[in-house]
Structures are given as C-alpha cells and as structure tokens.
Amino acid sequence: PRPTRRYDRPIAIDLFCGMGGFSLGFIQAGFTVVCGADNDCASATTYMHNLGANPIRIHFVSPADEQRLERFLERHVVNMDGPIPTVSLVSGSGWKSHNPRLPGVPHFWFGDLSQLSGQRLLDALGLEVGEVDCVMGGPPCQGFSQVGKRLVLDPRNALVFEFARLVVEMHPKT
C-alpha cells in the first residue's frame, strides 16, 4: 500500500529554476513546490528570497558549491556599513511575505545538476520515486536559442539531457 501523502496539494520540483518564474506559476496554480534547484548564485538567492519557506533547507551538490555560494553571499548580501554586519537576504521575505497563505518552497538544491541523481534529490526531500506530481524546469537554452549565439559546442546545450535524465530517474506523474 502507498503511504499517506504529506501534502494536500500536488507536489512539484523545479529544476534549473532560475529566479523562480515556473515555481511562482505552479504555486499560484495550486501546487506545493517542494524544491527549486539551480547552479547560479544570483538566481538561487533571488529564488530563495522571493519563494523560499522560512527556514529553507539548502542542499549542496558538492562542498565546492557551498563555498561558492558562501563567497557570493559575503560579496553581495552582507551589509558591512553599520556597527553590526547584517544579511539582507531572508528566505521568503520577498514575494512570499506578501502572500502568506501560499506555501513557501522548503528546499533548495544548489550546484551542478549534472552531478546530482534523482534518487539523492528525492531522498533529501523524503519522497519516493513516482511520488512527485510534476517536475518542471528551464535548462539553459543560450546555445541553441535564436536569441543566443547558437553555438553547437556550447557546453550548456547538454544540460537539457541532464534535465531529462533527472525526470526519468524521479519518474513524476508529469
């Protein structure tokens, strides 16, 4: 028998989430987005500021990713002007703070998603293969988009296949 669902709304995961446009739309459409994942520091901090639960659990693909995000936060988020340094980034203090009845995103994976397995991601979220209702995402398209330079050898082009791999490994309903 299947375990009882912990969520009363459909469950979604947003891979290559950027600043959270897909997640925001899914939250507004009635989903519980349980996780965002990206490799870009500015996008990740913007996502967590606007859509993150408070507190949010940040998972790192590798220890180097944790150090990279810490260096970014030290350079861009900490205000050293006053007598006491303050952090201007608080998870959920942006859009989410103005929409308190909607759930914030409780988890964020930061790092190179090509180095992450679907099972590791699900294990961290306490979910089983097939339990997620939707996996969405926006893998980089600069290498093949008409807006980009359309370079066949752009390494980001392969990330669409990493997105597909993660979807297959997690086996969402859609």
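Me: Which residues does arginine 165 touch, leaving out those up to four places away in sequence?
Reply: Happy to start there. This is a predicted model, in which local features need pLDDT of at least 70 and side-chain atom pairs count only at pLDDT 80 or more, while totals for chains, interfaces and linings use all residues. Residues are numbered from 1 along each chain as its sequence is written, and side-chain values use heavy atoms, with hydrogens and water left out. With contact meaning heavy atoms within 4.5 Å, arginine 165 touches Leu113, Ser114, Leu116 and Ser117.

Me: Where is arginine 165 found, and is arginine 165 buried, partly exposed or exposed?
Reply: Arginine 165 is found in helix H5; helices (H or I, at least four residues) and strands (E, at least two) are DSSP runs, numbered from the N terminus. Buried means under 20% relative accessible area, exposed over 50% and partly exposed in between, using a 1.4 Å probe and protein chains only. At 24% relative accessibility, arginine 165 therefore counts as partly exposed.

Me: Which backbone oxygen lies 2.9 Å from a polar atom of the side chain of arginine 165?
Reply: A polar contact is a pair of N or O atoms within 3.5 Å; within protein, one must be able to donate a hydrogen and the other to accept it, and residues adjacent in sequence count only if both atoms are side-chain atoms. For the side chain of arginine 165, the partner at 2.9 Å is the backbone oxygen of leucine 116.

Me: In what order do the elements of the chain run?
Reply: The chain has five helices and seven strands. From the N terminus on, their order is β-α-β-α-β-α-β-β-β-α-β-α.

Me: Which element gives the most residues to the largest nonpolar core?
Reply: A nonpolar core is a set of buried Ala, Val, Leu, Ile, Met, Phe, Trp, Tyr and Cys residues joined through side-chain atoms within 4.5 Å. The largest one holds 21 residues, of which Ile13, Leu15, Leu121 and Met170 touch the most other members. Strand S1 (11–15), strand S2 (32–38), helix H4 (118–125) and helix H5 (159–170) each supply at least two residues. With four residues, the top contributor is H5.

Me: Which residues are included in the second, separate core?
Reply: This other core has 19 residues. Among them are Phe31, Tyr47, Ile56 and Phe108.

Me: What does serine 43 contact, leaving aside neighbours within four places in sequence?
Reply: Serine 43 sits in helix H2 (residues 41–51). Its relative accessible area is 11%, so serine 43 is buried. Its contacts are Gly18, Met19 and Asp38.

Me: Which elements do the buried residues of H2 pack against?
Reply: The buried residues of H2 are Cys41, Ser43, Ala44, Thr45, Tyr47, Met48 and Leu51. They pack against S1, helix H1 (21–28), S2, strand S3 (52–60), helix H3 (63–76) and strand S6 (105–110).

Me: How many disulfides are there?
Reply: A disulfide is a pair of cysteine sulfur atoms within 2.5 Å. By this rule the count is zero.

Me: Why is cysteine 35 not bonded to cysteine 17?
Reply: Cysteine 35 counts as buried because its relative accessibility is 0%, and cysteine 17 counts as buried at 7%. The sulfur of cysteine 17 is the closest cysteine sulfur to that of cysteine 35, yet no bond is possible because the distance is too far, at 7.9 Å.
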